[in-house]
Amino acid sequence: MTDEGVLENLTRERIIGKLSLLVKVLEQISISFLLFTLLLDLMRWQARQKSSFPLFPLYGFLAFIVTCLIIWAISLYPRSNALVGGDYLPAPFREFQPECADYVLENSSFKDISRIFDCKTYKNISDRVIFSLSLQKNDISLDNWPNNSATAIELAPWPEIHPRAQGTKVPILMYHDILPKKEVFFDVTPGELEAHFQFLQEIGATPISIDWLISHLRTGIPLPAKPVLLTFDDGYGGHYQYVYPLLRKYGYPAVFSIYINKMTQKTGRTSVTWQQLQEMAADPLVQIVSHSVSHPRDLRLLSDADLEQEVKQSKQILEKELGITVNYFTYPEGKADDRVKEFVKKAGYRAALSMNDLDEHFAGQSPDLLTIGRFGQSRTREVVPQAWGGDPLPRTDGGFNFATTIQKREVEFPTNTLVLISGGIPKTIHADSRYQVEEIIAGTEAIAAVDGGFFSLKELDSNQMIGPVLSQNGGFIPGYEGEIGKLEGRPLVIITDRWVRYLPFDPARHNTLEGIAAEAGDDLKVTDAFVAAAWLVKDGQPQSRESFGTLYGFDALRHRAFWGINQAGQPVIGVSREPIDSMALGELLVQAGFREAVMLDSGASTSLAYQGQSQVHYTPRPVPHVVALFPPTETYIVPINHVGIPCVIFADSCPAGS
Ligand SMILES: [Zn+2]
C-alpha cells in the first residue's frame with residue numbers, strides 16, 4: 001500500500017467512526033419515538049377517542065427500519081487493514097493525527113473497532129500511541145506484540161529512551177570499507193562480511209531497520225529474537241559493489257552513513273556514486289542517513305555557522321539527490337556534545353548514531369536518542385549472541401502467555417547474574433531415578449529445564465519426592481505421610497494448559513489427586529503439580545525475611561534455582577550465577593520482571609539445562625524432578641514490512657504470503 005493509500009484508509013476509518021456515532025444517535029431517537037407513539041396511542045385508546053388507524057406507531061416503525069438499513073449500508077463500507085499509530089510510525093503516517101489518544105489495547109480480538117472512536121478523551125498525540133486494527137485482522141496474538149495484554153503503549157518523551165528499552169540489548173554493528181584486499185585494520189573483506197552474515201543466520205539473529213530500532217527505543221515494544229542493526233559508514237565503493245548484493249541475498253536491512261564530499265570529490269578510496277546510491281536508496285532494505293558534508297574530525301570544534309551547514313545542508317542535499325527523507329544523523333568519528341546535538345535536533349533529525357571505542361554499549365544503554373552507541377564490527381561474534389529484544393509487553397490482567405518462543409538470556413546485576421530462560425509451555429518431568437537435568441530432558445521435546453521439588457535423600461537413586469507430585473509422564477504419587485507436615489504453607493505449584501498457580505500447601509487437602517484437581521475448577525484439568533521451597537516473588541513484590549519461616553538455610557548464600565511467571569505472563573525458569581540469599585534473590589527477580597516466582601530445590605541441586613547443555617559452571621547433584629519448557633504448539637513469526645513495521649500493522653505493505 002502506498003503512503004497515500006494508507007492515509008486514505010485512515011481517513012476512511014475516521015469517517016466510519018463518525019458515522020457509527022451518528023447511527024447510534026439515530027438508533028436512540030427512533031426507539032424513543034417508537035415507544036413515545038405507542039404510549040400516545042395507548043392514552044388515546046384509554047380516552048376512548050376514535051382512531052381507526054394506528055398512524056403514530058407506523059411512523060415509529062418506519063424510522064426504526066430506516067435506521068437498520070443505514071447500519072447495514074455502513075457495514076458494507078470496506079475497511080482497511082491499517083493499524084493506526086502516532087509517532088511510532090514512519091514519517092508519512094505520523095501526519096495523521098487520530099482524534100482520540102487514549103485508546104488502550106484491551107483484548108486479543110480487536111473486533112470492536114468502534115471502541116476507538118467511541119472514546120471521548122482528547123489527548124496530546126505526541127505522548128501516546130494509538131492503535132486501531134481492522135475487523136478482519138484479529139491475528140495479533142504474536143510473539144513480539146502486546147499479546148492480548150491490557151497495555152497502553154506510551155512513548156518516552158523525545159529524546160529519552162523508554163525505560164523498557166533501557167533493559168534490552170540491541171547491538172548496532174559499525175562497518176567501514178569492504179574491499180577484497182585489506183589496507184587498514186578496520187577494513188573487512190567481502191568474504192569476512194559474508195561470514196558475519198552467516199554467523200547471524202546460524203545463531204538466529206534478526207537484523208532490523210533503524211526505523212524499527214527507534215520505534216523500540218521510544219516505546220519499549222519488544223523486538224524479535226536477537227535483534228541487531230548493521231551500519232556502514234562513509235560511502236565507499238565497496239558498499240555498492242559487495243555489501244548491497246549481500247544484503248539482498250540475505251534480506252538484511254542496513255544503514256549507510258553518507259557524507260556529501262565523498263560523493264563529489266575524489267578521495268583516496270573508491271566512492272559509491274549518486275546513481276548507485278539512488279538505486280540503493282530506493283530499496284526498502286537500505287536506509288541512507290547523513291554523515292555531514294565534509295566529515296570534519298570533530299564537529300564540536302566548528303563555529304555555529306559551519307556546524308549548521310554540516311548537519312542541515314547534508315540532509316537537504318541527500319534528500320534532493322535521492323528523493324527520500326533523511327531522519328537520522330551519524331556523527332563523524334562519533335564526536336558530539338550538547339551544542340552539536342542541539343543543531344542536529346534543530347535540523348529535524350529524529351535520532352543520531354555515535355561511536356566511542358572506549359565505551360561501546362547496546363543501543364538501549366545509550367544516554368539518549370541523539371547519542372546512540374555502536375560496536376565496532378570486530379566484536380560481532382561477542383556481542384550478537386547476547387542480543388535481547390525484550391519480554392512481550394506486561395499484561396495487567398494477570399493472564400498467561402504460553403505461545404512464545406523459548407529464549408535464554410543473562411541479566412547482570414552489580415551483585416549477581418541471573419540466567420533466565422523464558423517462553424514456551426511449562427511442564428514437569430518426574431524421572432525414574434536421579435540424573436543430571438540435561439539427561440532428563442534428552443529425548444523429550446523440552447528445550448530447557450531447571451531442577452524441581454525436594455526429594456528424599458535417603459537412598460542414592462530413589463526418585464521419591466517429599467511432597468505429592470503429579471507429572472504427565474509419571475502420574476500422581478502422594479508425598480511421604482510422615483514428612484509432608486513440614487511442607488505446610490509452602491507453595492503448591494499447580495499447572496494446567498492455560499495457567500499456573502502457586503497456593504499454600506495444605507497436607508490435609510493436597511495429598512490426593514482429587515484434592516489437587518479440585519483447585520483447578522470443573523472445566524480444567526491439572527496436568528502437573530508439586531511442592532516448591534518458598535515464595536520469592538508474590539504479585540510483583542519481593543518477600544520479607546519473615547515469610548521464609550523455618551525454611552532451612554534460606555538466608556545463607558547458595559546457588560539458587562527458581563521458576564515463575566513474568567509480567568508478560570510467560571513461564572520463566574532460571575538460576576543465580578553466584579550464591580545468593582533468598583531475600584536478595586527475590587529483589588533481583590522483581591527487577592528482572594517476575595510477577596510470581598518460587599524457589600526450587602537449591603544449593604548443590606541447583607541446575608539448569610538449555611538446548612542439551614548444562615548452564616551451570618559446576619557438576620550439580622543429580623535430581624529426579626524438573627520443571628521444563630516445551631516449545632509452544634503454535635508459534636508466531638512476525639513478518640516485517642520494508643520499514644521494519646510488523647505486517648499485522650500494514651498488511652498490504654508486506655510481500656505477498658507473509
Ligand atoms: Zn565516518
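**Figure 1. The end of helix α8 in the predicted model.** Gly251 follows α8, and its phi is positive, near 70 degrees. The model shown here and in every other view is predicted. Helix α8 covers residues 237-250, 14 residues in total. From first C-alpha to last, α8 reaches 20 Å, close to the 20 Å expected at 1.5 Å a residue. The helix axis is kinked by about 35 degrees at Val243. The proline Pro245 comes shortly after this kink.

**Figure 2. What surrounds helix α8.** Seen here are the buried residues of α8 and the elements over them. Gly238, His239 and Tyr240 are buried, as are Tyr242, Val243, Tyr244 and Leu247. Val243, the site of the kink, is thus shown among its buried companions. The cover over these residues includes two helices, α6 (190-202) and α10 (274-281). It also includes two strands, β3 (227-233) and β4 (254-258).

**Figure 3. Backbone exceptions in three loops.** Most residues other than glycine have a negative phi, and most peptide bonds are trans. The first panel shows a cis peptide bond, from Trp158 to Pro159, with omega near 0 degrees. Pro159 sits in the loop between α4 (114-118) and α5 (163-166). The second panel shows Asp234, in the loop between β3 and α8. Phi of Asp234 is positive, near 85 degrees, and the residue is not a glycine. The third panel shows Glu333, in the loop between β6 (328-330) and α12 (338-346). Glu333 is not a glycine either, yet its phi is positive, about 55 degrees. Are these two residues buried or exposed? Asp234 is buried, because 21 other C-beta atoms lie within 10 Å. Glu333 has 15 other C-beta atoms within 10 Å, so it counts as partly exposed.

**Figure 4. Leu318 and its contacts.** Leu318 lies in helix α11 (residues 304-322). It counts as buried because it has 23 C-beta neighbours inside 10 Å. Which residues does Leu318 contact, leaving aside neighbours within four places in sequence? They are Ile258, Ile288, Ser290 and Val326. Val289 is also shown. Leu318 and Val289 are 29 residues apart in sequence, but their C-alpha atoms are 8.3 Å apart in space.

**Figure 5. Strand β25 and two partner strands.** Strand β25 (residues 623-630) is mostly covered, with eight of its eight residues buried. Strand β11 (residues 425-435) pairs with β25 in the antiparallel sense, over seven bridges. In this pairing, Thr428 has Val627 of β25 as its bridge partner. Strand β12 (residues 448-451) also pairs with β25, again antiparallel, over four bridges. Here Ala448 stands opposite Leu629 of β25.

**Figure 6. An open sheet of seven strands.** Strands of a sheet pair through backbone hydrogen bonds, either parallel or antiparallel. In this sheet the pairing is antiparallel, and the strand order is β9-β10-β21-β20-β22-β18-β19. Which strands stand at the edges? They are β9 (407-412) and β19 (541-542). Each has a single partner strand, so one side of each is left without a neighbour in the sheet.

**Figure 7. Strand pairing and a packed helix in the open sheet.** Strand β10 (residues 417-422) and strand β21 (residues 571-576) run antiparallel and are joined by five bridges. Ser422 stands opposite Val572 in β21. Helix α16 (residues 582-591) packs on the sheet. The strands touched by α16 are β10, β18 (534-538), β19, β20 (561-566), β21 and β22 (594-599). The direction of α16 makes about 35 degrees with that of β18.

**Figure 8. The whole chain and its confidence.** The protein chain has 16 helices and 25 strands. Of its 658 residues, 46% count as buried. Among contacts between residues at least 6 apart in sequence, 72% join residues at least 24 apart. The mean pLDDT of the chain is 80, and 78% of residues reach 70 or more. Over residues 1-7 the pLDDT is below 50, and this stretch has nine contacts in the model beyond near neighbours in sequence. The pLDDT is also below 50 over residues 78-152, a stretch with 162 such contacts.

Methods:
Residues are numbered from 1 along each chain as its sequence is written. This is a predicted model: local features need pLDDT of at least 70, side-chain atom pairs count only at pLDDT 80 or more; totals for chains, interfaces and linings use all residues. pLDDT is the predictor's confidence in each residue, from 0 to 100. Two residues are in contact if their C-beta atoms, placed from the backbone, lie within 7 Å. The expected span of a helix is 1.5 Å times one less than its number of residues. The bend at a residue is the angle between axes fitted to the seven residues ending there and the seven starting there. A residue is buried if 20 or more other C-beta atoms lie within 10 Å of its own, exposed if 12 or fewer, and partly exposed in between; C-beta atoms are placed from the backbone. Two strands pair if DSSP finds at least two bridges between them. Axes are lines fitted to C-alpha atoms, for helices over the stretch in contact, and angles run from 0 to 180 degrees between N-to-C directions.
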